[in-house]
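Please open the structure in a viewer and keep the selection tool at hand. The tour below proceeds from one selection to the next.

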Amino acid sequence: MIRRLGRGKGRGPTEEPQQAPGLSGAGIATEPSRLPRHVAIIMDGNGRWARQRGMPRVMGHRQGVLALKPIVRECARLGIEVLTVYAFSTENWTRPRPEVEALMNLLCEFLARETAELKAEGVSIRVIGDVSGLPPAAQRALEEAIAATASASRMILNLALNYGARNELVRAVNRWLKAQPPGSRPVLTEAELARYLDTAGLPDPDLLIRSSGEERLSNFLLWQVAYTEIYVTKTLWPDFNPEELHRAIAEYQRRQRRFGGIG
Ligand code: FPP
């Protein structure tokens, strides 16, 4: 279960108290009482951002990491419970080796640089994906960051790393099978499967944001986004900022969610 501080209460020392909870610096109004509990983001467009500037792709990723921090802070400030970001997919291993290595280094640098501040802001770091497939240095950095921030209860920053939804589903079913008594003929239910997913215990995303204009899910949280509202912006991830986040939340709040009913 997620431990919450509650909206508008128990905010950390780094909070800007003079700012109304539902307003960004840009003044896009969002309704504090109807916030998504869980926001998921496909941070796409780093490569194009770099290419447009005649830079190597890695510079786009570097800028992408810098873009993440204000989004994490703003989500925590607003009172969002979980922010899940797609940082490295099971398919991203097919990229040129130097790019993969650069992404892993950026992850380690990000954790080394930001963990203490995230903890101070009440952000607890978690990971989804097959962590055992990551380089040992990245695994160690993650373990340390997760342990260091475990007691933080304001928001979960969930990093999807070596994550693919199909891989997650297969790992979940295999784990479930292993847990069944030998010789039994168990039947897997939706609720049971959800308990074996990497996201066990977390609410499903209410809002999925994808930057850079592509309209696809790219093997991200396929089970969990069954009723998620999807928001696509043409903005490339390194340019995505809290104002864009507010625009996405404002759009989410205009949607009528019916969950298959008639509303
Ligand atoms: C997609 O852009 C982005 C990725 C594959 C990596 C996303 C990673 C980050 C934003 C930084 C790492 C995050 C952490 C937490 C350290 P792309 O390269 O596919 O862009 P393109 O479609 O324009 O080529």
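Two strands are said to pair if DSSP finds at least two bridges between them. With that in mind, note that this is a predicted model, and begin with strands 3 and 4.

Select strand 3 (residues 123–128) together with strand 4: the two run parallel and are joined by 6 bridges. Within this pair, Ile125 stands opposite Leu157 of strand 4. Now follow the chain from strand 3 to strand 4; the path passes through helix 4 (residues 136–148), and this β-α-β crossover is left-handed.

Next, add strand 2 (residues 82–89), which is also parallel to strand 4 and is linked to strand 4 by 7 bridges. Here Tyr86 has Ala160 as its bridge partner in strand 4.

Keep strand 4 (residues 155–163) selected. Why is this strand described as largely enclosed by the rest of the structure? Of its 9 residues, 9 are buried, so the surrounding structure largely encloses strand 4.

Then display Leu157 alone. Beyond its neighbours within four places in sequence, Leu157 is in contact with Val72, Leu83, Leu118, Val123 and Ile125. Leu157 is also among the residues with the most contacts inside the largest nonpolar core, which has 58 residues; the others are Cys75, Leu83, Val85, Tyr86 and Met155. Helix 2 (residues 57–78) supplies the largest share of this core, 8 residues.

Finally, select the ligand. Of the 19 residues around the ligand, Asn46, Gly47, Arg48, Gly64 and Ala87 come nearest. Helix 1 (46–52), helix 2 and helix 3 (97–120) each give two or more residues to this shell. By type, the shell comprises 10 nonpolar, 7 polar and 2 charged residues.

Notes
Residues numbered from 1 in each chain as written. Predicted model: local features only at pLDDT ≥ 70, side-chain atom pairs only at ≥ 80, totals over all residues. Buried ≥ 20, exposed ≤ 12 C-beta atoms within 10 Å, placed from the backbone. Helix = DSSP H or I, 4+ residues; strand = E, 2+ residues; numbered from the N terminus. Right-handed = clockwise from strand over helix to strand, strands pointing away. Core = buried A, V, L, I, M, F, W, Y, C linked by C-beta atoms within 7 Å. Contact = placed C-beta atoms within 7 Å. Near = placed C-beta within 6 Å. Nonpolar A, V, L, I, M, F, W, Y, C, P; charged D, E, K, R; others polar.
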